[in-house]
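Biologist: Before I plan anything at the bench, I would like to go through this model with you, one question at a time. Could you show it to me first?

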Amino acid sequence: MPAVKKLRSKSTPDNPWRERLPYFEGKQDALAQTIREWVAVESPSDHKAAADRMGGVLAQQFEQLGGRVRIHPADEFGNHVQIDFAGRDDARPVLLLGHFDTVYPLGTLAAMPCRVNDGRMYGPGVLDMKSGVALMWYAIEALRAWHGDLPRPVTVFLVSDEEVGSSSSRNITEALARKSAGVLVLEPAAGARGAVKTARKGVGDYTLTVTGVAAHAGLDPGKGHSAILEIARQIAAISKLNDLRQGVSVNPGVIRGGTRTNVVAAEATVEIDVRIQKASQAAGLDRKLHALRPFDKRCQLSLEGGVNRMPMERTAGVAALYKLAKTIALRIDWKIEEAAVGGGSDGNFTANLGIPTLDGLGGVGQGAHAAHEHIVISELPRRALLLAAMMESI
Ligand SMILES: [Zn+2]
C-alpha cells in the first residue's frame, strides 16, 4: 500500500489528517453522549442476560454504519459480536478488537453513576473499554463520511468475556486475526499521556488446594493437620517466586479455607495470579509451582491452572504499527508514546500469532476497574483520528 509513503509527505490534500481533526472535534459531544449511553447499559462478564443486552445495542449501532453483523453464541457469557465492513478495495481487513464486558457487578451503576466533572467522564467500564468501542464507531463513521465507503475492509470484533480470560472468544479472535493485515486493540491507553501499548506481560492463574486432616479443635487438637496452617506456609514459599527484575510476579490474591473456628481445617485454597515478561519464563515458573511440597507431610497439595495469555512481545510487526501511529500523530503535532504494561488483553493472543498488533488505542484516563474509573473527554477526537488513519494506512 502506498499509503504509508503518502504519510511522509507534508500535510496537504495528500495527507489530510490535520484537516480532518476538526471533523472529530465537532463530534466530541456526540462521542461523549454515545459513551454515556453505553455505560448506562451495565454488562458484567458474569451476567449473560445483561451482557447480551449490551451486545444487542452494539450490533444494532454498528449495523447502522453499513456493517454485516454476525453473532457468535456463547453459553456462559454474552454472545460475541462480529461486524464486517466491506471496503473499496479487496485488501486484507484490519481487525478492530474490543470487549464490552466489565468487571462491575450488576447494580454498580446505582452507587457509581455515569457523571461528567471537570472534563472527565466517570462510570463503570467508561475507560475499560466502552470509550474504546465508541472510538471504533466514530472512526468508521468518519471514513464513510469522507470516502462514501470504507477504503478497505474492516472487521470489528467485540467480545463479552475478556475480563475473565476470553475462554469462549479466543478461538474466534485468533481466526479473525489470521485473516487480517493488522490488529488494532481499543483497550485503554497507558497513563495520563495516553501511550499506546507495544508490550504486555503474559498472565496466568493457578489454584493451589491443600487437603489436611480435620479434628475437633477442643477435644482432639493434636490429631488435626490444618490445611490453613499449611496453606499459610505455602503462600510464604510462593511469594518467594517473585522476580520483579525479570518481570515475573506472583500474587496469591484469594484464599479460602476452614469451616468453623472450632474445627481444624481440612481444606484450604489459594488462587494465584502470575505475570511473565517473556514466553520463555512460563515453563520455569510452572515447574517451580509444581515442585511445591507439603511442609506437613499429612497434608496434600494439588495444583491447577497455567499461563493463559502469553506475553505480547514487541515484535517487528508491533514496532512497525507503532511507527505508523507515531508518523500519523506527528501530522497533528502529537508525540505519541509507547508503553509496556503488566496487564494482558486479547492483543496478547493476536500478537503471539505473529499478526502485527497495536494495543492501547482506546480512551485516556485512570482508574480502570476502580471506583474512580474515568476518561478525559478532550482526548477523544485525536484518538478517533488516529484510529481512522491507521485503518486507512495499514
Ligand atoms: Zn479491557
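The questions and answers below go through the metal site, the strands and helices, and some backbone details.

Modeller: This is a predicted model, in which local features need pLDDT of at least 70 and side-chain atom pairs count only at pLDDT 80 or more, while totals for chains, interfaces and linings use all residues. Residues are numbered from 1 along each chain as its sequence is written, and side-chain values use heavy atoms, with hydrogens and water left out.

Biologist: Which residues are the protein donors of the zinc ion?

Modeller: Donors here are N, O and S atoms within 2.8 Å of the metal (3.2 Å for Na, K and Ca), and sites may look incomplete because water is not among the atoms. The donor atoms lie 1.9 to 2.7 Å from the zinc ion, and Glu-187 is listed with two OE entries. The donor residues follow the spacing H-x28-D-x58-E in sequence, and they are His-99 (NE2), Asp-128 (OD) and Glu-187 (OE).

Biologist: Is the site of the zinc ion tetrahedral or irregular?

Modeller: Four donors count as tetrahedral if all angles lie between 85 and 135 degrees, and as square planar if opposite donors are over 155 degrees apart and all others between 65 and 115; six count as octahedral under that square planar rule, and anything else is irregular. The angles among the four donor atoms of the zinc ion run from 52 to 141°, so the site is irregular.

Biologist: Which strand of the chain holds His-99?

Modeller: Helices (H or I, at least four residues) and strands (E, at least two) are DSSP runs, numbered from the N terminus. Asp-128 belongs to helix α6 (residues 126-147), 29 residues apart from His-99, so that the pair links distant parts of the chain. His-99 itself is in strand β3 (residues 94-99).

Biologist: Are the faces of β3 covered or exposed?

Modeller: A residue is buried under 20% relative accessible area, exposed over 50% and partly exposed in between (1.4 Å probe, protein chains only). His-99 has a relative accessible area of 1% and is therefore buried. With Val-94, Leu-96 and Gly-98 buried on one side and Leu-95, Leu-97 and His-99 buried on the other, both faces of β3 are covered.

Biologist: Which strand is joined to β3 by six bridges?

Modeller: Two strands pair if DSSP finds at least two bridges between them. Four bridges join β3 to the parallel strand β7 (residues 182-185), where Gly-182 is the bridge partner of Val-94. Six bridges join β3 to a parallel strand in which Phe-157 stands opposite Leu-97, and that strand is β6 (residues 154-159).

Biologist: What is the order of strands in the open sheet?

Modeller: The open sheet has four strands with antiparallel pairing, and its edge strands, each pairing on one side only, are β11 and β14. Eight bridges join β11 to β13, and Pro-252 has Ile-272 in β13 as its bridge partner. The order is β11-β13-β9-β14.

Biologist: Which peptide bond is cis?

Modeller: Most residues other than glycine have a negative phi, and most peptide bonds are trans. Met-129 is found in helix α6, and the cis bond, with omega near -5°, runs from Asp-128 to Met-129.

Biologist: What is the phi of Asp-333?

Modeller: Asp-333 lies in the loop between α10 (316-330) and β15 (338-341) and is exposed, with a relative accessible area of 59%. Although Asp-333 is not a glycine, its phi is positive, at about 60°.
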